[in-house]
Amino acid sequence: MFTGIIESLAIVEAVRPAGSGIEYWFSSPLSDQLTIDQSVAHDGICLTVDQLQPGRHRVTAVLETIEKSTIGQWQPGKKVNLERCMQIGGRIDGHIVQGHIDGKALCIDKKDLDGSWLFRFRIPEHHAALIVEKGSVSVNGTSLTVFDVSVNEFSVAIIPYTYSRTNIHLVTPGNEVNIEFDMMGKYVLRIHQLARQ
């Protein structure tokens, strides 16, 4: 479990096929604080650390993750958001994020509002019921508040702190991002669907 509050950026150093999966090496300020078998969110994707070297760590993505997220497009030099799993007993500053990506969203607009930034995203219509006005969403692992919701589009506002400390500043119209919808919303939708059967 995560909170969607990004701790650091990491740089993809190497990408190697591993059967049907892909191995990724990252360098980051957090790498030396990680342990083997630790769950770490990389752009919102929960991945297990399986190898460590000084200043570097490795994870392996399986086929399901590659198909559902943007990770299959990552190349050396890409910057990704990092968050270690939450600690019980601390404050949850964002919202509960599982690190289980639901799919991809397309950035369709980005506006500089002189002190903040406005992003607009489009999601597949089959996910439309999972976005609600003033609800929470995880974009590349960052906990954000949704507003200006239409059928399958929504906006988020980014403050300077988040803009400079995450990779959202690299997102431009035409880019895809990883998206995870609020867990409670997914359960409510599932219960509603079963009740209608």
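Here are some friendly notes on this structure, which is a predicted model.

1. **Strand 1 and its neighbours.** A good place to start is strand 1, which covers residues 8–18. Strand 1 pairs with strand 2 (residues 21–27) in the antiparallel sense, over 7 bridges. Strand 1 is also joined to strand 6, again antiparallel, and here the count is 4 bridges. If you would like a residue to find the first pairing by, look at Val 12, which stands opposite Phe 26 in strand 2.

2. **The turn between strands 1 and 2.** These two strands form a hairpin with 2 residues between them. Gly 19 takes a positive phi near 65 degrees in this hairpin.

3. **Ala 10.** This residue sits in strand 1, and its bridge partner in strand 6 is Val 80. Is Ala 10 buried or exposed? Ala 10 is buried, because its relative accessible area of 0% falls under the 20% cut-off. Leaving aside residues up to four places away in sequence, Ala 10 touches Phe 26, Ser 27 and Ser 28, and also Lys 78, Lys 79, Val 80 and Leu 82. Gly 77 lies 67 residues from Ala 10 in sequence, yet their C-alpha atoms are 9.4 Å apart in space.

4. **Cysteines.** How many disulfides does a search of the whole structure find? The search finds 0. Cys 85 is in no disulfide, and the nearest cysteine sulfur, belonging to Cys 46, is 8.2 Å away. A pair has to have its sulfur atoms within 2.5 Å to count, so a separation of 8.2 Å leaves Cys 85 without a disulfide partner. As for accessibility, Cys 85 is partly exposed at 34%, whereas Cys 107 is buried at 1%.

5. **Two aspartates with positive phi.** Asp 43 has a positive phi of about 50 degrees although it is not a glycine. Asp 148 likewise has a positive phi of about 50 degrees without being a glycine. Asp 43 belongs to the loop between strand 3 (39–42) and strand 4 (45–53), while Asp 148 is in the loop between strand 10 (142–145) and strand 11 (153–158). Their surroundings are worth setting side by side: Asp 43 is buried, with a relative accessible area of 0%, but Asp 148 counts as partly exposed at 44%.

6. **A nonpolar patch on the surface.** Which residues form this patch? They are Met 1, Ile 92 and Ile 96, and together they have about 260 Å² of accessible area. Ile 96 is found in the loop between strand 6 (79–84) and strand 7 (103–112). Its relative accessible area is 37%, and Ile 96 is therefore partly exposed, as that value lies between the 20% and 50% cut-offs.

7. **Val 132.** Finally, have a look at the loop between strand 8 (117–122) and strand 9 (136–139), where Val 132 is placed. Val 132 counts as partly exposed at 47% relative accessibility. Not counting residues up to four places away in sequence, Val 132 touches Val 146 and Val 149. Thr 48 is 84 residues from Val 132 along the chain, and 31 Å separates the C-alpha atoms of the two.

Note on methods. Residues numbered from 1 in each chain as written. Predicted model: local features only at pLDDT ≥ 70, side-chain atom pairs only at ≥ 80, totals over all residues. Heavy atoms only, no water. Patch = residues over 30% accessible without salt bridge, like charges linked within 9 Å, V, L, I, M, F, W, Y side chains within 5 Å. Areas by Shrake-Rupley, 256 points an atom, 1.4 Å probe, with all protein chains shown as cover. Salt bridge = Lys/Arg side-chain N within 4 Å of Asp/Glu carboxyl O. Buried < 20%, exposed > 50% of the residue type's maximum accessible area, 1.4 Å probe, protein only. Contact = heavy atoms within 4.5 Å. Pairing = 2+ DSSP bridges.
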